[in-house]
Amino acid sequence: MTVPVRPAKVSSLHLTDRERSARKTLDRAPRPRIAATVALTIGDPRDPKILMGQRSSRHDFMPSVYVFPGGRVDRIDSYAPYAGDLSARTERVLEAAVSPRKARAIALSCIRETYEETGLMIGTPADGQVRNMKNPTYDAFRQAGMLPDISRLEVFGRAITPPHRHKRFDAWFFHRHLGDSLDPETPPEVNDSHELLNVGWFSFEDIKTLKLQRATVMMMDVFRDHVRRDTPDPAIFFSRAKHGTYREERFP
């Protein structure tokens, strides 16, 4: 039986003053923007250490809480060079909602965001010349002789921000295990950024001491169940608000 992750500090679902002020300027609920986030793990696959960082207090959306690296999908993610293929399961789940090209862009965006927010480059050596995309992140991969690698990403959840927020995302949650052989005591080097502070590798027990937003607590429980399965569930957890009621469903 999976034991829920229950942090000592949980940020409520209530809007901050800045969020409330921003929401009042809108006539209607904003349309959710597609986003992606990834739980990168090392060590024991069933009880790993997980890469997370703390959002700056300056953010007007989910300030000061710990999250997985990630962010919204950008236009460039649809045509940037990449390596690897999505697993058949992840491809099937994503393409139940979006086109094949958008599915790859969603997966690629969390690899890009991971580098931008933590400095960790998830890639594979490029086989030949890679064109300059005139984008700082993809150019960094090119200069390193690498391509962002979308293989071994397994989608495990999806959550749509409720309509009362001034910023809304249709967020897809991925997992990629970086290898049992990587020593949790000497993990891959990561760095803080203007997006994430106090970036590091945390066990499930460590995470109980961090401040999380309620939605992250929910997804952390889903993730813990995911990593302890012998094979990924064919469907994923899906959270959304419908007709004013929060729903926890399965997708597709």
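Two residues are in contact when heavy atoms of theirs lie within 4.5 Å. Keep that in mind, and look at R112. Leaving aside neighbours within four places in sequence, R112 is in contact with R72, V73, D74, D77, T137 and Y138.

A word on the model. It is predicted: local features need pLDDT of at least 70, side-chain atom pairs count only at pLDDT 80 or more, and totals for chains, interfaces and linings use all residues. Residues are numbered from 1 along each chain as its sequence is written, and side-chain values use heavy atoms, with hydrogens and water left out.

Back to R112. It sits in helix α3, residues 100-118. Helices here are DSSP runs of H or I with at least four residues, strands are runs of E with at least two, and both are numbered from the N terminus. Is R112 buried or exposed? Its relative accessibility is 1%, so R112 counts as buried. The cut-offs are these: buried is under 20% relative accessible area, exposed is over 50%, and partly exposed is in between, with a 1.4 Å probe and protein chains only. One of the contacts of R112 is V73. R112 and V73 are 39 residues apart in sequence, yet their C-alpha atoms are 9.5 Å apart in space.

Now the whole protein. It has six helices and 13 strands. Of its 252 residues, 51% count as buried. Take the contacts between residues at least 6 apart in sequence: 74% of them join residues at least 24 apart.

Next, helix α6. It covers residues 214-227, which is 14 residues. How far apart should its ends be? The expected span is 1.5 Å times one less than the number of residues. That gives 20 Å for α6, and its end C-alpha atoms are 20 Å apart, so the two agree.

Ten of the 14 residues of α6 are buried, so the helix is largely enclosed by the rest of the structure. The buried ones are T216, V217, M219, M220, D221, V222, F223, R224, H226 and V227. Pick out M220 in this helix. Its relative accessibility is 0%, so M220 counts as buried. F204 is 16 residues away from M220 along the chain, and the two C-alpha atoms are separated by 8.8 Å.

Look at the start of α6 too. A side-chain oxygen of Q213 comes to within 2.7 Å of the backbone nitrogen of A215.

After α6 comes a loop that leads to β12, residues 236-242, and D233 lies in that loop. D233 is buried, because its relative accessible area is 15%. What does D233 touch, beyond residues up to four places away in sequence? The answer is R89 and R250. With R250 there is a polar contact of 2.9 Å between the side chains. A polar contact is a pair of N or O atoms within 3.5 Å; within protein, one must be able to donate a hydrogen and the other to accept it, and residues adjacent in sequence count only if both atoms are side-chain atoms. D233 also has a polar side-chain atom 3.1 Å from the backbone nitrogen of A235.

Now for empty space. Rolling a probe the size of a water molecule over the atoms shows where empty space is left. A cavity is a set of points, on a 1 Å grid over the protein atoms alone, where a 1.4 Å probe fits but cannot get out; lining residues have an atom within 4 Å of a point. The search finds two cavities of 30 Å³ or more. The second largest holds about 30 Å³. Its lining is P81, V130, Y138, F141, R142, M146, L147 and P148. Helix α4 (136-143) and strand β7 (146-148) each supply at least two of these residues. By class, seven lining residues are nonpolar, none is polar and one is charged. Here Ala, Val, Leu, Ile, Met, Phe, Trp, Tyr, Cys and Pro count as nonpolar, Asp, Glu, Lys and Arg as charged, and the others, Gly among them, as polar.

Last, some backbone details. R152, in the loop between β7 and β8 (154-160), has a positive phi of about 65° although it is not a glycine. At 48% relative accessibility, R152 counts as partly exposed. N198 is in strand β10, residues 196-202. Its phi is also positive, near 50°. N198 is partly exposed, at 42% relative accessible area. Finally, the peptide bond from F251 to P252 is cis, with omega near 0°. P252 lies in the segment after β13, residues 245-251.

Conventions: 1 Å grid on protein atoms, 1.4 Å probe; cavity = no way out; pocket = protein on both sides within 12 Å on 5 of 7 lines; lining within 4 Å. Points joined across faces, edges and corners; volume = space filled by probe spheres on them.
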